[in-house]
Amino acid sequence: MNPFQRAREQAVALRRKLLDDRAGEAVHVSEFLTPDPIAAKLSLGVEYVPKGAAELSNGDAILRRKEDYIYVRKDIGVAEQAYLVAHELGHFILDESQEEVAIASLSSLTDAEGTPAVISVEAYGARERLELRANVFARELMLPREVARVLHDAGVGPRKAARDLGIHLEIVRQQMLDAVMLPNVVLAPEARTQHPPSLDQLLAIQAPERYVNVVAGPGSGKTSTLVHRIRYLIDEKAVDPSHILVLTFTNKAAFELVDRLRDANIHRASDVWAGTFHAFGLDFLRKYHQCFGLESDLKVADRLNAITILNQELPKVELTHYRRVQDPYDWLPDVVNSIKRLKEEMVSPEAYRLAIQGLPTAEPGRRECREDVASLYECYERALRERKMVDFVDLVAKPAKAIEQDRPQYSELADKFQHVLVDEYQDVTHAMVELISQLAKNAKSLWVVGDVRQAIHHWRGASVHSLTKFNERFEAQAGSGKIKTYPLAFNRRSSSEILELVKQAGKRHILETTSLKLENTTATSGPNGHPPTLVSCFPFVSMPDAIAAGIHELHSEGVPFGKQAVLNRWNYELGMVAAGLRRVGIPVLHIGELAQRPEVKTLLCLMQLMVERLPRALVGLMGDARLAVDFEDFQKLMELCEEDPLLQRGAWLDDLPEDLSPQSRSVLVTIARLLNGQWRRSNPWGFVCDLLLEHRFGYPPRADVSIEAHSLRIALWQFAYATRTGDGERKFPTLPRFLLRQQLRQRIGETYSERELPAEVAAIDAVRLLSIHGSKGLEFDSVHVNNVNTDDYGPKGRYWESPSEASRLVPPEVLRSSQETWNFEATVERNNLLYVALSRARKRLFMYQNGEDTRKGAPQLSPPSAPVRALSFNGTVTAPAGQAPIPRPPLTEPLPFDEFETFVRCPLQHWYRFELRLAGEQGVDIAIKARWAVMAALKALAQKPGSSPKEAFMAEWESRKLPSHTEDLQLWTHATAVFWDGLAIIKASAGAFVEPVTSINGLTIRLNWMLLNASAGRPALELIRFSGSDLTKAAQLLRPMLNDLQPVRARGVTIHSLLGAKKESFEPSGAIEKTAAFAAVQRFFAGNREPKVGRHCKRCAYMTFCPTRPSM
């Protein structure tokens, strides 16, 4: 049972004490959260005092334990007063060992004011965790979840319940959302057997050395050992609990640790500061905010904030490689990733600029590119200072650097802790190590626990050197104190058979070539008679069916679905695995990316109806029979809104046309009812809560307890709380702002797919699907590891993948490392991933590999030295049924090449854009508008060679209302430079302007404008494109079209790129029938409208519609 569930239970117990037999009824707060009943039942005084009274200590309410009194502002409403009283009662009940006062603020009632980053961090800080528990207690005391559920079943929505019960609407919404959307289960306390420490644990627990490194392999009782260490310090060494600091790497680890401390009944355990590195940094910067030029209510930028901030600042940066006419959301994410990496290694902009000067580079433009990163880094740091913001890395790096530079100023926190303990030490970054070093400098002990073979975060900045060089790092700091390593010798998780295979994977490991040999461990549970199973799949694509067979085998032996998990290396593949398992009847609990789920897309489309000029989002609703209008009526509405601006942005719902079909009218009346009272500036959280809880829209009834119904309700619950989080700018949340943020998340690849599931899902009997990273810290009775292969877990990695752009911008040499070391650590991570996956299993372990190519198997498993049951699975593959083709009207004009290129990229996107003519209403970045202006001006000059270049450019620039050179000199400079480069290509070609027509497989296509150069015998064509990133793809598509050009045949085409001065020449295709263009034409004529997933999805204007296809 987690601390929040415990808070709920204690709130219900207090409610019973206050209300006796009426505790299970809906009762007005004035009957039990006012002075008289509280004094009578609890002997605790409640007094209402004026705002700003001395008793309040600058808060809105305060609990003064020594006085046995709660003081509350008297100038606020009944609902707010009741909440503050309930919140302070939470502190009174939950924090009995706390002696100091507890001050409450009304901001915690309605806030999603904190930035998403702050909300994520502070949930796992010591102070904030107490406040969150008090919030949960207050909500449950005022309106228990069970009472909210009864109200909902009786047809009462949040607004009426809030009015009738005197409870703030926010409280009712949250309680009712939890009651309706989450499984209705009573969470039993987690069974934890409190074994006395074994000898190996005892040695680590009582370690007298000043610096202690505990090597804790999987299942070795790491957290238990850490908790016993804390007990030992408090009980045996008489250490004040408030002088103990416990730092964790992940929120999950922090949560479990706090839970364990509470369960262990350690005296004053709540005084131990336990939380994540970032939560500690948040506390530190809040306490000393003035020293850093920050506000006490800290604003923390997440990755999306960082990118948007840099985009806003681009006009102020002198760039030499990047051009302002490039889409910033194509390249800024890599720059921000690079800056983050530099900050994690505590490399300043100045140090980075100096380091790159001496680096050789063979890539053209790479040095200029890195110089731009240095300039952008400086700009980013300046922008954060101006906005009084910090980012995630600053939460760790700023305290570390500040303490090192001026320890006396920060000594109250820096020297407060006598004993520093660190969990999951193998995953810390360089900045974290520096912070640990500073906090441990004057401490009596630093005690870390970790396992180098479970270090799987190299990709985001962690280094195995945190453990491999532990002694070296702290040797000087230790002085006369000793440094010692303590290995834990027993595995309390896995059977002997599974542990033997785990050890095999740990020994066939690159670390075995170093001094870090695998420590031997023994399974305390002994053998269970079930060796791990390795399944070779024939054909490879039948692997989901093989996994299903393995799951069924275990289920038939009595292993519940809910005790089984499927682990996969890559998160993006989990959706395909889930679909394959569902297809054969396996109950699967996998929410996936929220924004891709149909029920969430429906809510997004309803938001769009209130925000966008035209009701194009009705197309996205046509996949839901309840909301599907006739296509002809949809076209009428589009035309009406196009003609009359007064009908736009949802206003048409108040004045429906008379000539609609009965079906469409009925549907639109339903939509109007759902959206009644909403407008474009509605709060997204309120918008979603009204739809779900007032209108009971979009989810199956609670009586439906199927896995699909549970998954749908949980997804909506997650999405609803996602809308409650504000943005980093702390602007008032509105639908347009939320949709824009959602669009930008899509662009930069930020997803909700890694959101943790609520604790209530533990009661659902369904197979869990997780990435290996997501499985860290978890264990399951039975584990199925999908697609075990050498590319993901072997020594060399995926040979077809090139290094990331961020690694090119920040080479290892800049980070005090080398390419050889970086490659070594990458191999360690790949080896570790398999080690971690195998070690999640307690009783049964199944692994699945490609049977068609045994060379692809993971080298750790073959040949086996541990007992392994080898099986073959011979499956059949049935192609999923595609959507029925839609007849295409005959073409009367040649198809423009751009349109055909869109069809090749995604037939469904082509249909939305060109056949349904749904114009995108996404905001267009100024860089894209500048690009359009440049290309249009070049076309005009190619058509009329004698025209004035300046006039042609200015005409296109001003028609798009772009800023003048005085308003944005850099944009102007970059655009004109690219324009003159294009004009030079036109002049050098001396070719005539043509828009040739070609035919391929019966389809006539009009190509983009080109220059026909006939100076060298047989004519040649030259084509100008803006970006050079897709020259090869464009060439592949164009080659088969050169064979039937009209009015002139050409010997070849040269494609020029305006960015990067690239060009590529090619000749016509030979075997046209074998080309992608030929096959695409066949699909075009066949009426194919299937969606095609790819990188283009990130910038698709129709993501909320996809894959809906309205009936024509």
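Helices here are DSSP runs of H or I at least four residues long, strands are E runs of at least two, and both are numbered from the N terminus. With that in hand, select helix α11 (residues 222–236), where you will find His228.

Before you go on, know that this is a predicted model, in which local features need pLDDT of at least 70, side-chain atom pairs count only at pLDDT 80 or more, and totals for chains, interfaces and linings use all residues. Residues are numbered from 1 along each chain as its sequence is written, and side-chain values use heavy atoms, with hydrogens and water left out.

**Stop 1: two histidines**

Stay on His228. Is His228 buried or exposed? His228 counts as buried because its relative accessibility is 17%; buried means under 20% relative accessible area, exposed means over 50%, and partly exposed lies in between (1.4 Å probe, protein chains only). Leaving aside residues up to four places away in sequence, His228 touches His195, Pro197 and Ile205, where contact means heavy atoms within 4.5 Å.

Now click on His195, in the loop between α9 (169–181) and α10 (199–205). His195 has 51% relative accessibility, so it counts as exposed. Try a distance from here to Ser224: the two C-alpha atoms are separated by 9.1 Å, and the residues are 29 apart along the chain.

**Stop 2: salt bridges**

A salt bridge is a side-chain nitrogen of Lys or Arg within 4 Å of a carboxyl oxygen of Asp or Glu. By this rule the count comes to 68 salt bridges. Let's visit some.

Select Asp394 and Lys343, whose side chains meet in a salt bridge at 2.9 Å, N to O. Asp394 sits in helix α18 (residues 392–405) and Lys343 in helix α15 (residues 328–344), so this pair ties together parts that are 51 residues apart in sequence. Both Asp394 and Lys343 are buried.

Next, choose Glu512 and Arg453, which form a salt bridge of 2.7 Å, N to O. This pair links distant parts of the chain, 59 residues apart: Glu512 is in the loop between α23 (496–507) and β14 (522–523), while Arg453 is in the loop between β11 (445–450) and α21 (465–468). Glu512 and Arg453 are both buried.

Then show Glu599 and Arg597, where the N to O distance of the salt bridge is 2.4 Å. Glu599 and Arg597 are buried too.

Which residues make up a network of salt bridges? Select Arg159, Glu170, Arg173, Asp690 and Arg724 together, and you have it on screen.

**Stop 3: where two domains meet**

Colour domain 5 (594–748) and domain 6 (895–923 + 990–1099); such bounds come from an automatic or database domain assignment. Their centres, taken over C-alpha atoms, are 37 Å apart. Eleven residues of domain 5 are in contact with eleven of domain 6.

Together the two domains bury about 1000 Å², 52% of it on carbon and sulfur atoms. Buried area is the accessible area (1.4 Å probe) that two parts lose on being put together, summed over both. Highlight Arg616, Gln746 and Arg747: they supply 48% of the area that domain 5 buries against domain 6, more than any other three residues.

For the last selection, pick α28 (631–643) and α32 (735–748), each of which supplies at least two residues of the side of domain 5 that touches domain 6. How many salt bridges run between domain 5 and domain 6? The count is zero.
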